[in-house]
Amino acid sequence: MKTVSSLLDAHWYERYKNISRLNIRSSIYDVTNRCNLRCKGCFFFSSGEHKVGDEENDIDKWHAFVQKEMDRGVNLAILIGGEPTLCFDRIEAFYKKLPTFCATNGLIKVPRDRFPDLMVGISLWGDAEDETILRGKDTFKISSANYAGDPNAYYLYTITPKQLGKTENIIRKIKDVGLKVHMQLLSNDEGVDGFSWKPEELVAVRQEMDAMLDLYPETVISSKYYHEVITTGKMLGRSFGWMECPSVTEPIDKRDPRPKRLISFIRWSSELQTMHRCCTSETRDCSTCKDGAAHMSWVMVNKRAHINTTKDLQNWIEVYEMFAKLYRFIPW
């Protein structure tokens, strides 16, 4: 019988032990229905999720809500939008109680005297040209000025098909401002012309992502197995899609048979009552979803399937370590 210890040498077994004790239980929270950008391809607005209910404005109800989330076992709050930094009091309600990650476009600086070690993920959708087309402005100029050298911030670089051959310029710019970067792929929820992936482009971008990890290992937080899974949509011969996705809100998950999934995961709307279907939107075609966190989680919840060969298990460990680094459960 194959076991973890039989497949790993002492070095890898120590790495396995470091992550196996983490027991991460995450959920995702829409902090507000508002944003200071309107990006083409933003699943939140394109799906109408900002209209499911009026956002809760009573900060005492946010504090009570956070306590209820902790009581059901959540130990990682992932804050998304709209734009969370429009509501620092709501961010603080989470931050004071449990490990918290804030996704932001970086246009508003998180005050470090108030949130000294809040982990911040800054969205970036390509180079200045792509950013202007998709988001209306080059956000990097502003966000890099706000967060240069911040040890608790990194870029979430969403690569588009138009970025092929250009990713190194972006990675170098991020390195030069003293930040880390994690790469993911655009899902193009609003069908912007020229921004949907073709099969040959996915092959090419995987090679480019691998090359960036080799060239900038101190800047890029990633793994080649993650690149393989997100670009091919395949893991151990299985295809990503609705019947495999681990990031479906648990109380409304009626799939049969039920796949391996995140325990107790819920994505809440900002009126604190509605549960969204999953970590992205109901209008997205799951077969074409490129969500990075969902693909990471897909690997992570399928540990047993990776206890097959030494390489499979090492791949699983690297993806889990990547996730843990991005949310600061382990150091960079």
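Leaving aside its neighbours within four places in sequence, which residues is E56 in contact with? Contact here means heavy atoms within 4.5 Å. On that criterion, E56 touches K61, W62, R90, S270, E271 and L272.

The structure is a predicted model, in which local features need pLDDT of at least 70 and side-chain atom pairs count only at pLDDT 80 or more, whereas totals for chains, interfaces and linings use all residues. Residues are numbered from 1 along each chain as its sequence is written, and side-chain values use heavy atoms, with hydrogens and water left out.

E56 sits in the loop between α3 (43-46) and α4. Helices (H or I, at least four residues) and strands (E, at least two) are DSSP runs, numbered from the N terminus. The relative accessible area of E56 is 18%, so this residue is buried; the term buried denotes under 20% relative accessible area, exposed over 50%, and partly exposed the range in between, with a 1.4 Å probe and protein chains only. Although E56 and L272 are 216 residues apart along the chain, their C-alpha atoms are separated by 6.8 Å.

The open sheet may be considered next. Eight strands form it, in the order β6-β5-β4-β3-β2-β1-β9-β10, with mixed pairing. Its edge strands, each of which pairs on one side only, are β6 (180-185) and β10 (275-276). Strands of a sheet pair through backbone hydrogen bonds, either parallel or antiparallel. Two strands are taken to pair if DSSP finds at least two bridges between them.

At the β6 edge, strand β5 (residues 153-159) and β6 are paired in the parallel sense over six bridges. Within this pairing, L156 stands opposite H182 in β6. Five of the six residues of β6 are buried, and the strand is mostly covered.

Further along the sheet lies strand β2 (residues 76-80), which is largely enclosed by the rest of the structure because five of its five residues are buried. L76, I78 and I80 point one way from β2, while A77 and L79 point the other way. Strand β2 runs parallel to β1, to which it is joined by five bridges, and Y29 stands opposite L79 in β2. Strand β2 also runs parallel to strand β3 (residues 100-104), with three bridges between them. There, A77 has T100 in β3 as its bridge partner.

At the β10 edge, strand β9 (residues 267-268) and β10 run antiparallel and are joined by two bridges. The bridge partner of R267 in β10 is H276. Helix α4 packs on the sheet, where it touches β1 (26-30) and β9, and its direction makes about 160° with that of β1. Such axes are lines fitted to C-alpha atoms, for helices over the stretch in contact, and angles run from 0 to 180 degrees between N-to-C directions.

Helix α4 also meets another helix. The axes of α4 (residues 59-71) and α5 (residues 88-95) come within 9 Å and cross at roughly 25°. That angle makes α4 roughly parallel to α5, since angles under 35 degrees count as roughly parallel, over 145 as roughly antiparallel, 65 to 115 as roughly perpendicular and the rest as oblique. The crossing of α4 past α5 is right-handed; a crossing is right-handed if the near helix is turned clockwise from the far one by less than a right angle, and left-handed if anticlockwise. From α4, the residues I59, W62, H63, F65 and V66 meet D89, R90, A93 and F94 of α5. By class, this contact has six nonpolar, one polar and two charged residues. Ala, Val, Leu, Ile, Met, Phe, Trp, Tyr, Cys and Pro count as nonpolar, Asp, Glu, Lys and Arg as charged, and the others, Gly among them, as polar.

A second helix pair consists of α11 (residues 292-300) and α13 (residues 310-326), whose axes come within 9 Å and cross at roughly 130°. These two helices are therefore oblique to each other, and α11 passes α13 in a left-handed crossing. The contact involves M296, S297, V299 and M300 of α11 together with W316, V319, Y320, M322, F323 and L326 of α13. Its residues divide into nine nonpolar, one polar and no charged.

Finally, H227 lies in helix α10 (residues 224-232). With 0% relative accessibility, H227 counts as buried. Leaving aside its neighbours within four places in sequence, H227 is in contact with M183, R206, M209, D210, L213 and S222.
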